Amino acid sequence: MKTWFKQYEKLEKKAEKEKLAQNICAALTVHAKIEEEIFYPALRKHIDDEELLDEAEVEHASAKQLIAEILSMSPQDHLFDAKVKVLGEYVMHHVQEEEQEIFPEARKSEVDLDALGVKLSKRKAELMKKAA
């Protein structure tokens, strides 16, 4: 993701920006869906920090709102670039919280992370196939 957002900032052609923004939005939509359907529910059963997962879900809602706005716009629209940039900032913040707070909690829990990873990968493949 980080690479895509950096690439976006360097693009000048509107068509290239639109295509990359659509790819970013599609990938993030799938990612959020698998976390919400599989990852977060599995963790809620095994970790005590409900607030941490609640915050992650709110972050997802904010990102999904921005994604919807970006997808309803074109690069010619005022604020298109700003919305893509802010989405990137949201995503980087969310990733940092996952890596520093959620993943360590998951590793300490009794969740079978290998089995969970298989479920996440399978669902991601299904969703990516539909998105294509």
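Is alanine 26 buried, partly exposed or exposed? Alanine 26 counts as partly exposed, at 29% relative accessibility. The model described here is predicted.

## Overall fold

The chain contains 5 helices and 0 strands. Read along the sequence, its pattern is α-α-α-α-α. The C-alpha trace spans about 50 × 30 × 20 Å along its principal axes.

Of the 132 residues in the chain, 36% count as buried. Among contacts with a separation of 6 or more, 68% come from residues 24 or more positions apart. One pair shows such a separation along the sequence: alanine 26 and leucine 127 are 101 residues apart in sequence, with their C-alpha atoms 9.6 Å apart in space. Alanine 26 belongs to helix α2.

## Surface and charge

The chain exposes about 8,400 Å², and carbon and sulfur atoms supply 52% of that area. It carries 21 positive and 28 negative charges, and the mean positions of the two sets are 8 Å apart.

A patch of negative charge lies on the surface, where Asp48, Asp49, Glu51, Glu55 and Glu101 gather. One of these residues, aspartate 48, sits in the loop between α2 (14-44) and α3 (50-71). Aspartate 48 has a relative accessible area of 77%, so it counts as exposed, the cut-off for that class being over 50%.

## Salt bridges between helices

The structure holds 10 salt bridges. In one of them, glutamate 37 pairs with arginine 123, and the closest N and O atoms are 2.7 Å apart. This pair links distant parts of the chain, since glutamate 37 is in helix α2 and arginine 123 is in helix α5 (residues 113-131), 86 residues apart. The two partners fall into separate accessibility classes: glutamate 37 is partly exposed at a relative accessible area of 36%, whereas arginine 123 counts as buried at 17% relative accessibility. Arginine 123 is placed in the buried class because its value is under 20%.

A salt bridge also joins the side chains of arginine 44 and glutamate 57, with an N to O distance of 2.9 Å. Here helix α2 provides arginine 44 and helix α3 provides glutamate 57; the residues are 13 apart, and the pair links distant parts of the chain. Arginine 44 is partly exposed, with a relative accessibility of 23%. Glutamate 57 is also partly exposed, with a relative accessible area of 36%.

## A salt-bridge network

Which residues are linked with Glu37 and Arg123 in a network of salt bridges? The other members are Lys33 and Glu126. Within this network, glutamate 126 forms a salt bridge with arginine 123, the closest N and O atoms being 3.1 Å apart.

Glutamate 126 and arginine 123 both lie in helix α5, and their spacing of 3 residues is about one turn of the helix. Glutamate 126 is partly exposed, with a relative accessible area of 35%. Arginine 123 therefore takes part in a salt bridge with glutamate 37 of helix α2 and in another with glutamate 126 of its own helix, while counting as buried at 17% relative accessibility.

Key
Residues numbered from 1 in each chain as written. Predicted model: local features only at pLDDT ≥ 70, side-chain atom pairs only at ≥ 80, totals over all residues. Heavy atoms only, no water. Helix = DSSP H or I, 4+ residues; strand = E, 2+ residues; numbered from the N terminus. Buried < 20%, exposed > 50% of the residue type's maximum accessible area, 1.4 Å probe, protein only. Contact = heavy atoms within 4.5 Å. Areas by Shrake-Rupley, 256 points an atom, 1.4 Å probe, with all protein chains shown as cover. Lys, Arg positive; Asp, Glu negative; His and termini not counted. Charge placed at Lys NZ, Arg CZ, Asp CG, Glu CD. Patch = residues over 30% accessible without salt bridge, like charges linked within 9 Å, V, L, I, M, F, W, Y side chains within 5 Å. Salt bridge = Lys/Arg side-chain N within 4 Å of Asp/Glu carboxyl O.
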